[in-house]
Amino acid sequence: DVPGMGRVLDFFAGNEHFVDKVQRECTQKAMDNLDQKREQVSRVIQGEVLPLISAYNSAAAADVQGSGGRRKAPRRAALVYDSVNNALWIRGVTLDALQRVAHDMRASKVSS
């Protein structure tokens, strides 16, 4: 099970409450399109967003050092489904921090 995919499934369920309430043959083209777009979103989230969050959390856990040499709990990023705004958000991290991690991930792929 991929961490964070539950939020994605909640997002899909919140947006697709009409699925199976209308006969599929009446809306086959639209349903096929919906299935295709759902797969595309899932691939991007699984292939890019969740690995980015995981890399950030790993880097944050490695970098945390409190005063007096004591370790403090790292701040963790998470994917959150916001049903009020109908959106998926990455919480617990700044855009700048995610961009640095994304840059580091791209740099490590190029050097490999």
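Where in helix 2 is the kink centred? In this predicted model, the kink is centred on Ile 45 and amounts to about 40°. Helix 2 comprises 36 residues, from 28 to 63. At 1.5 Å a residue, helix 2 should span 52 Å. The C-alpha atoms at its ends lie 51 Å apart, which agrees.

Several residues of helix 2 are buried. Ile 45, on which the kink is centred, is one of them. The others are Met 31, Ser 42, Leu 50, Leu 52, Ile 53, Tyr 56, Asn 57 and Ala 60. The cover over these buried residues includes two helices, helix 1 (5–15) and helix 3 (95–111). It also includes strand 1 (78–82) and strand 2 (87–91).

The two strands pair with each other. Strand 1 and strand 2 run in the antiparallel sense, with five bridges between them. Tyr 81 is placed opposite Leu 88 of strand 2. The strands form a hairpin, and four residues separate them. Within the turn, Asn 86 adopts a positive phi of about 55°.

One salt bridge is present in the structure. It joins the side chains of Asp 35 and Arg 38, at 3.1 Å from N to O. Both residues belong to helix 2, three residues apart, so about one helical turn separates Asp 35 from Arg 38. An α-helix has 3.6 residues a turn, so residues three or four places apart point the same way. Asp 35 has a relative accessibility of 24% and therefore counts as partly exposed. Arg 38 is partly exposed as well, with a relative accessible area of 21%.

Notes. Residues are numbered from 1 along each chain as its sequence is written. This is a predicted model: local features need pLDDT of at least 70, side-chain atom pairs count only at pLDDT 80 or more; totals for chains, interfaces and linings use all residues. Side-chain values use heavy atoms; hydrogens and water are left out. The expected span of a helix is 1.5 Å times one less than its number of residues. The bend at a residue is the angle between axes fitted to the seven residues ending there and the seven starting there. Buried means under 20% relative accessible area, exposed over 50%, partly exposed in between (1.4 Å probe, protein chains only). Contact means heavy atoms within 4.5 Å. Two strands pair if DSSP finds at least two bridges between them. A salt bridge is a side-chain nitrogen of Lys or Arg within 4 Å of a carboxyl oxygen of Asp or Glu.
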